[in-house]
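Student: I have a model to go through. Can you justify the terms as we go?

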Amino acid sequence: MKALSSFEGEKISMDIFQKINGHEQVVFCNDEATGLKAIIAIHSTQLGPALGGCRMLPYKSTEAALEDVLRLSRGMTYKCAASDVDFGGGKSVIIGDPTKDKSPELFRAFGQFVDSLNGRFYTGTDMGTSPEDFVHAMKETNCIVGVDEAYGGSGDSSVPTALGVIYGIQATNRAIWGSDSLAGRGYSIQGLGKVGLKVAEHLLDAGADLYVTDINLDAIERLSEKAKTMGASIKAVNSEEIYTVPADVFVPCALGGIINDDTIPLLKVTAIAGSANNQLLELRHGEMLQARGILYAPDYIVNAGGLIQVADELYSSNKERVLQKTRAIYDTLTDVYRHAEADGKTTVEAANYFCESRIAARSKRNSFFSHTKRPKWAVRS
Ligand code: NAD
């Protein structure tokens, strides 16, 4: 199988070293027998081995794939630092169509490349890949996380992710209204998938009012049924209306880039706290929210529950520990809000500063990570 024959002969016009500046290592993986074309980017191992999922997408070019993996691996450095998991930032992408180009052999080949990094990079599922794909990769390396419990993994990561969102909303409510209580407030939820549905159910249980939207009408129907059994009701709105409803907190649990020049003027909420990755289209949109008096909970802090769970697999998975670290999202966010206010920064600037300070402080003790200096906890039998 040839995954992407159109890539043959493609010229890379950029200066690669300039492009990967700031990253420790970028590995191009090419296996002609299986058609695997993948890129592994390790942004930083200052806090520990790099950790980050593997995306499979039919990227238009190698440059587009490289751009994506560099951006995502850098983001993982911040997310790992914020959630205090002793991992650094990394990410991988497989260039190919997940509906056509997958095979067990392709993922085994990918697993071999991961293994060749000797414990510097741990990976698992992300967009376009599933836990089952990584059961094949696991045959070649111990550096796989997030497979099903039946295969020794920690299972569905959306459970701790949703819980982390709830803690994030509670910290946000306290910062604005002086109380953690979820009850009696209105929440507008965009996306009722694995995370959004669990968040919605929790909020309904707590006595909240919900506006919801999803392009999948079955998801809305499922939540409506659940609400009826609880004697509650939800207001379903369309994809555009969700930005305009008079809720207190907007909870994005679907797409990235939805906080932008077009949507910010429409918002009537006082805060935004949800699971979607990269909610701000650009950094300056954090400033626009601040100018409008809307408190923004940085997404990589709020949605870290899943990361906390997979990172914990290296200590052999303990649900109580995962819960405890997920609960800490509340405290981290509270600190970020306090610093943002004290220093006149946006919450995103304060969060980034918090992560950079933590990395600087800890990396004085952790020098460049390599298998020769591998901490005991990172060695799995
Ligand atoms: P999912 O695919 O299960 O759910 C996404 C939902 O959003 C789906 O029901 C989909 O129909 C809906 N949707 C898509 N486009 C929409 C639109 N335009 N308007 C309204 N609804 C729309 O994904 P998930 O696992 O629930 O993750 C949700 C978000 O949280 C994603 O951005 C994901 O990257 C992020 N996230 C998830 C996890 C996790 O553990 N699952 C962890 C961190 C971050």
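Student: What makes up the shell around the ligand, by class?

Tutor: Seven nonpolar, ten polar and two charged residues. Ala, Val, Leu, Ile, Met, Phe, Trp, Tyr, Cys and Pro count as nonpolar, Asp, Glu, Lys and Arg as charged, and the others, Gly among them, as polar. This is a predicted model: local features need pLDDT of at least 70, side-chain atom pairs need 80 or more, and totals for chains, interfaces and linings use all residues. Numbering starts from 1 along each chain as its sequence is written, and side-chain values use heavy atoms, without hydrogens and water.

Student: Which residues around the ligand come nearest?

Tutor: Of 19 residues, Thr-161, Lys-194, Val-195, Asp-214 and Ser-275. A residue is near if one of its heavy atoms lies within 4 Å of the molecule.

Student: What makes the pair between Asn-277 and the ligand a polar contact?

Tutor: The term needs a pair of N or O atoms within 3.5 Å. A polar side-chain atom of Asn-277 lies 3.0 Å from a ligand oxygen, so the pair qualifies. A polar backbone atom of Ala-254 is also 3.0 Å from an oxygen atom of the ligand.

Student: How much of the ligand does the protein bury?

Tutor: 75% of the 830 Å² that the ligand exposes when taken alone. Areas come from the Shrake-Rupley method with a 1.4 Å probe.

Student: Why are helix 2 and helix 12 called roughly perpendicular?

Tutor: Helix 2 (residues 62-83) and helix 12 (residues 347-363) pack at about 80 degrees, with axes 9 Å apart. Angles of 65 to 115 degrees count as roughly perpendicular, so the label fits this pair. Helices are DSSP runs (H or I) of at least four residues.

Notes:
A polar contact is a pair of N or O atoms within 3.5 Å; within protein, one must be able to donate a hydrogen and the other to accept it, and residues adjacent in sequence count only if both atoms are side-chain atoms. Axes are lines fitted to C-alpha atoms, for helices over the stretch in contact, and angles run from 0 to 180 degrees between N-to-C directions. Helices (H or I, at least four residues) and strands (E, at least two) are DSSP runs, numbered from the N terminus. Angles under 35 degrees count as roughly parallel, over 145 as roughly antiparallel, 65 to 115 as roughly perpendicular and the rest as oblique.
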